[in-house]
There are 2 protein chains.
Amino acid sequence: MSLDTILARIDDDLPAATDRLIELLRIPSISTDPAFKADCDRAADWLVADLQSMGFDASKRPTPGHPMVVAHGGADAGDGPHILFYGHYDVQPVDPLDLWDRDPFDPEIQETPKGRVIRARGASDDKGQLMTFLEALRAWKEVEGAWPCRITLFLEGEEESGSPSLVPFMRENAEELKSDIAMICDTGLFESKTPAIVTMLRGLLGEELTITAPQMDLHSGMYGGIAMNPIRVLTRILSSLHDDTGRITVPGFYDGVPELSDALEAQWQGLAFDHAQFLSDVGLSQPAGEQDRTPLEMIWSRPTCDVNGIWGGYTGEGFKTVLPSKAHAKVSFRLVGTQDPQAIRESFRQMVQDALPPDCEVSFISHGAGQASEADTSGAMFEAARQALSTEWNIPAAYVGCGGSIPIAGHFQKILGTEPMLIGFGKDDDAIHSPNEKYDLDSFHKGIRSWARILDALT
Amino acid sequence: MSLDTILARIDDDLPAATDRLIELLRIPSISTDPAFKADCDRAADWLVADLQSMGFDASKRPTPGHPMVVAHGGADAGDGPHILFYGHYDVQPVDPLDLWDRDPFDPEIQETPKGRVIRARGASDDKGQLMTFLEALRAWKEVEGAWPCRITLFLEGEEESGSPSLVPFMRENAEELKSDIAMICDTGLFESKTPAIVTMLRGLLGEELTITAPQMDLHSGMYGGIAMNPIRVLTRILSSLHDDTGRITVPGFYDGVPELSDALEAQWQGLAFDHAQFLSDVGLSQPAGEQDRTPLEMIWSRPTCDVNGIWGGYTGEGFKTVLPSKAHAKVSFRLVGTQDPQAIRESFRQMVQDALPPDCEVSFISHGAGQASEADTSGAMFEAARQALSTEWNIPAAYVGCGGSIPIAGHFQKILGTEPMLIGFGKDDDAIHSPNEKYDLDSFHKGIRSWARILDALT
């Protein structure tokens, strides 16, 4: 049977596949920082070249931000489904750099007590993951000489910076990108071992606010006690965003937040989530969300509010008795159900405005806004993919939620009418967005094999 | 009369005196930042050389931090008082640098609608001020050939970074530094026009705290909603430091805070402080302190609490959905009366500890701690100096309070038994500790003349 040949080819090619991933990881494609613009471009070029070498009709497509990579293949494969694969080649910033054990962009294969890993920024999120399907497609083509169905690859370079160009690009190229299923590889195994298809994704709203009180920085000796300090205003406003039970206080925030269906609640209880281990892995013990919710609800099905950055005044060594003119914060909300990002943005801004004392001003910067999404799992392809995953991992695969925001899933549904299917192989200790990010070689290897099995099952 | 000759000499020498000040201002002696250690040393060397050129027995005296400059002269002047002059040659950091119109260490004489100014970091705080008495002493010596009394100069290089070496140095050199009066030039004119002797100074307590929640930075998609965010903890604690009336909530904080005497209250009412103008100069309109206190009380006789710096999470361009491990703040308290800095430090730390939710830790760094001080104005020298100032400025000089903390004043009283007298010529719009700091040439010129008159009046 040819699937076995393809899987054997994947096994044989693993060292070369790893080398290719290392090459891609060497490119510091940090999308949020303009200093790395050329590197993002370089990562896109690398992918285009790799896809062309496999026989795809691949090209780098300009946007006002970082380019998209789009590739097509298998146009003459007959009447199987048209399958799209989505991943992102951009990565998170690396600060605090001093907490990395080595250069984040000098990847290394390391032996660990839990197995071999490849360590670098982007190893798990998302370069290692997106390369799983490139490698599966490469092996398939090498063994079979052709792909089994029409295939499109759609690789983004702005996922870590709010995807500003994504929606316009999808709208402008909707006909080209429409497909029967959109495979998104940017999620993880459940509890680091159970293969999982994410069917519920939180949305994300990002806001940045700057409070200005005096027009200039002042000496707190001269003005302290009479002049309003913007940090005092900012901390008061931010501390009012949660009540004592962990509930978020933005007016109207919970509009559109659904309760779990009985079926899903039962399934999640069956997952026996070890939240104590999940928390103790990062030095915590107490779930910090709404106190009347289960840990899985807190991370999968309940909305959140977090301050992701705060700064103002003197932050260097020593002390400076400055009474600053401005104080800043970056605030994000994870959204669920039908919560409306724009309505929450407006309500948040109004709440901040209403809380401003005299003489203070606030300005806002809009960062990304994406609604939550939930997959329709009733089609046959979901069950076929679940079976393929179960076979490869030898563990029944699960339908799970995901606390992260992958707005692309909702965009596929709304803009293209294409059902997204989220399958990924990350582990909880991959340290994505953190120092010393890694991807298990086992995730990489079985991930590639999983895609070959899924491709076989769907065609 | 020789005073007239000395004053004329000061007038003639003003261009050269200005050039000397510019030379000193070119040295970036930022004491709080270790990167500028050599520059602090260079500023001390410059002062030693200048004092030696006038005939002082001057030397640079090492400390564990930046050196002191000590100089003696007039040992054979007979039985007049022994007068000590204190100033500091170190300066504040310059950030935010992008708000400066020019290099902070490339001084320039500028014409402004309010007269000529010299613009540079340290122009007013405190290099321009300390040079006023060096120039007065230079002119005196040039005209008279000798000083009229025993004179000591004591110039510090750590005033802007909490003066860690000051108390040990004063203790070790107490016999050498004891004098009949200590003239401190680090204050301003009242309302930018009335010459003033500061008789009441607030103390200062500086604290830095770091809240740690998770052991590492986390992805808010994976952990948001279940993991405690240290910024949430920090903002909640900082926002609890003031109640709704502006009163500070640290337990025991108001122990030792006195009410004004009737006499001082009456004198301050006579000063007719234009607080609306004072605030509108910096873009504000509402006094932000304790709502049952007058504006002058807020800045002179009431204690304060300000966050001078806050930082945590991602603060660069764009957005990063990080859930940080740590959040930090620098907090200072201005103290009055007999408030005990150490007791308040302990109470503050206990209050923070008590407010910590589960899984959070806090660590503290102690910055400077100095008690408030009040001068004994009953001696004849205060009235003589007040008269001399009134003559030079042609406005009756006032005894005033000062919101800033000049711990040296208390140290002179407590360690040396020497009464401090605080006279300075800064203006409210000097922008000390802010971008585009300046010193009026009029302050510089009349300041030099004032010291000559005071020296004449006291001897």
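Colleague: At roughly what angle do the axes of helix H12 (residues 380-393) and helix H14 (residues 441-458) of chain B cross?
Modeller: This is a predicted model. In it, the axes of H12(B) and H14(B) come within 9 Å. They cross at roughly 140 degrees.

Colleague: Which term describes how H12(B) lies to H14(B)?
Modeller: The axes cross at roughly 140 degrees. Angles over 145 degrees would count as roughly antiparallel, and 65 to 115 as roughly perpendicular. The crossing falls in neither range, so H12(B) is to H14(B) oblique.

Colleague: Is the crossing of H12(B) and H14(B) left-handed or right-handed?
Modeller: The two axes come within 9 Å of each other. The sense in which H12(B) passes H14(B) is right-handed.

Colleague: How many residues of the contact of H12(B) with H14(B) are charged?
Modeller: On the H12(B) side, the contact includes B:Met381, B:Leu389 and B:Glu392. H14(B) contributes, among others, B:Asp442, B:Lys446 and B:Arg449. Nine residues of this contact are nonpolar and four are polar, while the charged ones number five.

Colleague: Which strands stand at the edges of the open sheet of eight strands?
Modeller: The order is S14(A)-S9(A)-S13(A)-S11(A)-S11(B)-S13(B)-S9(B)-S14(B), with antiparallel pairing. Each edge strand has a single partner, so one side of each is left without a neighbour in the sheet. From one strand to the next the twist averages 20 degrees. The edge strands are S14 (361-370) of chain A and S14 (361-370) of chain B.

Colleague: Which residue in S14(B) stands opposite B:Leu205?
Modeller: Strand S9 (residues 203-212) of chain B pairs with S14(B) over eight bridges, in the antiparallel sense. Helix H11 (residues 341-355) of chain B lies across S9, S13 and S14 of chain B. Opposite B:Leu205 in S14(B) stands B:Ala369.

Colleague: Which strands of chain A are at the edges of the open sheet S4-S5-S18?
Modeller: Three strands make up this sheet, and their pairing is antiparallel. Two of them have a single partner strand each, so one side of each lacks a neighbour in the sheet. These are S4 (108-112) and S18 (438-440).

Colleague: What is the bridge partner of A:Val117 in S18(A)?
Modeller: Strand S5 (residues 115-119) of chain A and S18(A) run antiparallel and are joined by three bridges. Across from A:Val117, the bridge partner in S18(A) is A:Asp440.

Colleague: Which strands does helix H15 (residues 441-458) of chain A touch as it packs on the sheet?
Modeller: Helix H4 (residues 123-144) of chain A also packs on the sheet, touching S5 and S18 of chain A. The direction of H15(A) makes about 55 degrees with that of S18(A). The strands of chain A that H15 touches are S4, S5 and S18.

Note on methods
Residues numbered from 1 in each chain as written. Chains lettered and ligands numbered in written order. Predicted model: local features only at pLDDT ≥ 70, side-chain atom pairs only at ≥ 80, totals over all residues. Heavy atoms only, no water. Pairing = 2+ DSSP bridges. Helix = DSSP H or I, 4+ residues; strand = E, 2+ residues; numbered from the N terminus. Contact = heavy atoms within 4.5 Å. Axes fitted to C-alpha atoms, helices over the stretch in contact; angles between N-to-C directions. Parallel < 35°, antiparallel > 145°, perpendicular 65-115°, else oblique. Left-handed = near helix turned anticlockwise from the far one by under 90°. Nonpolar A, V, L, I, M, F, W, Y, C, P; charged D, E, K, R; others polar.
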